[in-house]
Amino acid sequence: MISIVKKKSTRKTDWRVYILLIPGLLFVATFTFYPIVKMLVMSFFNWRIGYQQVSDFVGLANYKDVLSDQIARRALMNTVAYAVVTVPLQMIFGLFVAVLINGIKKFSISFRLAYYLPVITSWVVVALLFRYIFNNQGLLNYFLTDVLKVVNEPIGWLSTRWSAIFVAMLLGIWKGIGWNMVIFLAALQSVPKEYYEAASLDGLNNRQQFFYITLPSIRGTILFALVMLSIGAFNTYTPIAVLTGGNPAHQTEVVLTWMYFQTFNAMGKMGYSAALSIIIAAVIMLVTVLMFITLSRKKED
Amino acid sequence: MKKYKIIGVMALLLMLASLVITSCSSDNKEVSSDESVVIEFWHNYDAGAGQVEVLEKLIKEFEAENKDIQVKPVYLEWEALKNNVVSGAATGSLPDVLRGDIAFVPQFQSLNVLEEMSALSDYKDAASGILEAPNSTAKIDNIFYGIAANTNTKILFYNKTKLQGANIKVPKTLDELWEAALNVSDSKTIGMVEPWTGIWNVGPYIWSEGGDVLSPDNSTAEGYINGTVAVKVIQKLADLYEVKALAGPSMDPGAVGDTDGWASGTYALQLDGPWRENLNIDAGVDYGAIPLPAGSNGSISVLGGEDFMMFKSSSDAQKKASWEFIKFMTGKHAQVEMAKVGQMPVNKEALSDPEAIKAIPLLPVFSEALKSAKSRPVTARWSEMENIIATKVAEAITGVKEVKKALDEAAVEIDKLISESK
Amino acid sequence: MGGEERNMPVYLKNKHKISLSMSIRYLLLTAGLFITVMPMFYMLISSLRDNKSTFSYPPKLFTSLDKMTFENFGYILNNGNFYRYFTNTLFVAFMTVLISAVISSLLAYSFARFRFPGKNILYSMIISVMVIPGLAMIIPQFEMAVKFNLVDNLWGVILFYSAWVTPFSTFLLKGYIEDNIPKELDEAIYMDGGSVFTVYRHVMIPMASPAIAAVSILNFLFPFEELGWSQTILKSDEIRTLPVAITMFFQAHNRTDWGYVFAMTGLSMIPVIIFYLLLQKYFISGLSSGSIKG
């Protein structure tokens, strides 16, 4: 007995833990830390990506360029707007669907699959589909002008900045509902049934049970989803690239599409792109930390 | 649950093993054995038009004649072709031969990856059999960084049915073209389409009216891109856009793409290249084509096409083999074969070959246009400059900014670029 | 409502509840279904149509049956290397799921249960990796790939994909473990003389299986849609993955063979759907958390 107790108290610094830990850390460190550090370094240089080219150290010049660039600022604003709208909405819809599906008995699998379909379709293809639907001569305008006859001329959904971003938001929400549904279903499963039974006995109805039992129990998952989706929203690339390509005249750029453009189309601005990436990362980290601080509480029961 | 652990361990071992194996394996660029040199050829020949098939046939013929060379073709989509050179430049992970858009030449040159082909001993000989104008797209500061592979230019395509239906004669001058665009537009038709707003698109109009983009020595933009002629031309385009006689997906992401628009009868006029012919045939459009109607300075269209390029990162043996391959591909036989699948030849002999002429019915029209077509400035940071121009012109056409203001801004930014690269 | 129902026989009470709230649920779910599925439906229709008529105006949502054809699918399956692309992508997907599942579960377990020097810093670093998308680091990553000889090699995508998805998987799993797997289970194993490995094998893996399943479904999907990195690394035709193959249909000059694109996309979705169906039962499997609390 005594020897086992001793084992228990020393397990926290057990060498075996390091065996669990090290392979994973090495892997992540090699494949992700190194590139990130390299990016950081690149952002302080006028980094030349050519063959056997030398780069000059420019200090904070790239950062100044980014922050004073009108298009970069616009891209940041577009990205923030996109995130602020799509993240909460897809979580709400996803949670709603998860709750609904959690409570039904038949066809559960079919419903789950159907809602999950947008998630497992490539971004490129669904963005193309949406582009077709919202085209000046697309499905939606067709319905509005020829079928329902509520407008005379087709509406340029994708022609102006905020309207196009609105379409991108719809796309983002539509595609994300199934993802959230999957995450929340897993979380809902883990809420012990006894909680609900006890609550029913106490006279709480379904709505109250949802707010007082369900939501608090999946608080951790909600936070994770929030953080993950926010990060994902800031890293949006494909939907904008396909829907508008950042056009007209870079009005609808988001930070990632603009960074990509500067890297591959501008040919000389790798330092700029690196600085932009670092700035984006800093912003996301700030947002994430804020979320953690305000929403997370001690989990020890 | 023991099996999870076993699977996990196996997976890790597998991963480590394969890492070791791949590190020990040979260099990612093909190692040439003593007998044969392997060269990697990146291209974006159109598989749908049968060009890839012809390429493979030609490669086989080439390899049969040159038993010590193996050609490994890699298809990359247009954008990926450029991006992969960009990402591979620093490490020298580059092909040995590349056939890419002429616009790539200055871009790749700024990455310091292109081999100076004019330094090759028989370059002059090979180039003498090639049309001069297309080949000039590979020349920067009197050094050739490539050789023309195929060429094209833009001519005016028009939808016969639509023009006849609106009683419009085929335009003979640039002004008549604007009129035609205006008059053929109605609720379901938009007269003209321009997919982009770079010099590739608006250059012909500016040049045909006597203006230009940069000074003749490419040292200044001020006074040219924002000169009187350019402002007048862009203003005309802005006017057309406002009354929905002009549209395009880069000015308006909601607009129908040009190919889809031709097929659905949305567009009636477009200045476009030879691919438009086959696409219209596929779509069943009754079309006609003439060289760009002349402006006050003549009919000057823009030169397009692809060039062959070689890379500094290749070994000497690979460079030698690559040059042999390029000479073959720019020879009469290969050029005629490619002509049959839509690639307009640059080889002078091939151009007058009856088979080639039969394969490209519009060849006479294009040849006519090629005589006066002008290449876009081939200068170090041209791609950045064209991007600036495209943005500002789009802003001007869509009415976001006044034309003069937008073009002035473009001139300022371009001049700044020019002074930076000195 | 509450009081009387408590006195009613159970079967009647349940029946009453089923008819009202259940039907509302089904109604809402079905309505949402239409919105969700309509674009997919359109894609299916387009893949069955002749290439040229995909984007005609006025747009046709429904096609008369006689115009439908499987020729697009036929073309994809018979020409080119579809099967090769397909198996490549499957291989990448399986390996990515495997590697990230193993590594993220190991990391999540370590971070969730133990204290060790530098723990918080390490954890923040791993999480902060999520913040930069893999695509933004394309230039430095490519340099690495060249150094490790991973260019033009499927492992060049597998390893990087795994690295990109591991932080998120770790994040989720750690939270799941902390929320739902009580330490008492660990203690029970220790008291029986087991080590941390035993806990990992007998407690963590089985109990975290819903979360592992959830992240695996997402990780499996990733190689089927990621385009930027795969295009950079995979150059030879024989090792291309499906997303890269689909871009071959985006020919120059705006002529896209939509029928082929949609057909290939449709076919690509099948393994993902199957994988999802296989794993989704883990969401239903009962968990033991309830029994412990009770």
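Visitor: Which residues does C:Lys174 touch, not counting residues up to four places away in sequence?
Guide: In this predicted model, C:Lys174 has its place in helix α7 of chain C, which covers residues 154-180. Leaving aside residues up to four places away in sequence, the residues that C:Lys174 touches are C:Ala108, C:Phe111 and C:Ala112.

Visitor: Does C:Lys174 count as buried or exposed?
Guide: A residue is buried if 20 or more other C-beta atoms lie within 10 Å of its own. C:Lys174 has 26 C-beta neighbours inside 10 Å, and therefore it counts as buried.

Visitor: What separates the C-alpha atoms of C:Lys174 and C:Leu106?
Guide: Along the chain, C:Lys174 and C:Leu106 are 68 residues apart. In space, the separation of their C-alpha atoms is 9.7 Å.

Visitor: Where is A:Leu158, and does this residue count as buried or exposed?
Guide: A:Leu158 is placed in the loop of chain A that runs between α7 (139-147) and α8 (161-189). Because 27 C-beta neighbours are found inside 10 Å of A:Leu158, this loop residue counts as buried.

Visitor: Which residues of chain B does A:Leu158 touch?
Guide: Not counting residues up to four places away in sequence, A:Leu158 touches several residues of chain A, among them A:Phe134, A:Val167 and A:Thr244. The C-alpha atom of A:Thr244 is 7.0 Å from that of A:Leu158, although the two residues are 86 apart along the chain. On the side of chain B, the residues touched by A:Leu158 are B:Pro253 and B:Gly254.

Visitor: How are helices α13 and α14 of chain A oriented, parallel or antiparallel?
Guide: Helix α13 of chain A covers residues 255-264 and helix α14 covers residues 270-295, and their axes come within 8 Å and cross at roughly 160°. Angles over 145 degrees count as roughly antiparallel. The orientation of α13(A) to α14(A) is therefore roughly antiparallel.

Visitor: Which residues of α13(A) meet α14(A), and what is the handedness of the crossing?
Guide: From α13(A), the residues that take part are A:Val255, A:Met259, A:Gln262 and A:Thr263. They meet residues of α14(A) that include A:Met270, A:Leu276 and A:Ile280. As α13(A) passes α14(A), the crossing is left-handed.

Visitor: What is the handedness of the crossing between α18(B) and α19(B)?
Guide: In chain B, helix α18 (residues 382-397) and helix α19 (residues 403-420) pack at an angle of about 170°, with axes 8 Å apart, and therefore they are roughly antiparallel to each other. The contact involves residues including B:Ile388 and B:Ile389 of α18(B), together with B:Leu407 and B:Ile414 of α19(B). The crossing in which α18(B) passes α19(B) is right-handed.

Visitor: Is chain A spread out or compact?
Guide: Chain A is made up of 14 helices and two strands. Its radius of gyration is 24 Å, well over the 19 Å that the globule rule gives for 301 residues, so, set beside a compact globule, chain A is more spread out.

Visitor: What is the radius of gyration of chain B, and why is this chain described as compact?
Guide: Chain B has 19 helices and 12 strands. For its 422 residues the globule rule gives 22 Å, and the chain is described as being as compact as a globular protein of that length because its radius of gyration is close to that value, at 24 Å.

Visitor: Where in chain B is the pLDDT below 50?
Guide: Chain B has an average pLDDT of 86, and 92% of its residues score at least 70. The pLDDT is below 50 over residues 1-8, a stretch with nine contacts in the model beyond near neighbours in sequence. It is also below 50 over residues 17-32.

Visitor: What value of phi does B:Lys244 have?
Guide: B:Lys244 is located in the loop between α10 (228-242) and β9 (246-247) of chain B, and it counts as partly exposed because it has 16 C-beta neighbours inside 10 Å. This residue is not a glycine, and yet its phi is positive, near 60°.

Key
Residues are numbered from 1 along each chain as its sequence is written. Chains are lettered from A and ligands numbered from 1 in the order in which they are written. This is a predicted model: local features need pLDDT of at least 70, side-chain atom pairs count only at pLDDT 80 or more; totals for chains, interfaces and linings use all residues. Helices (H or I, at least four residues) and strands (E, at least two) are DSSP runs, numbered from the N terminus. The radius of gyration is taken over C-alpha atoms; the globule rule is 2.2 Å times the number of residues to the power 0.38. pLDDT is the predictor's confidence in each residue, from 0 to 100. Two residues are in contact if their C-beta atoms, placed from the backbone, lie within 7 Å. A residue is buried if 20 or more other C-beta atoms lie within 10 Å of its own, exposed if 12 or fewer, and partly exposed in between; C-beta atoms are placed from the backbone. Axes are lines fitted to C-alpha atoms, for helices over the stretch in contact, and angles run from 0 to 180 degrees between N-to-C directions. Angles under 35 degrees count as roughly parallel, over 145 as roughly antiparallel, 65 to 115 as roughly perpendicular and the rest as oblique. A crossing is left-handed if the near helix is turned anticlockwise from the far one by less than a right angle, and right-handed if clockwise.
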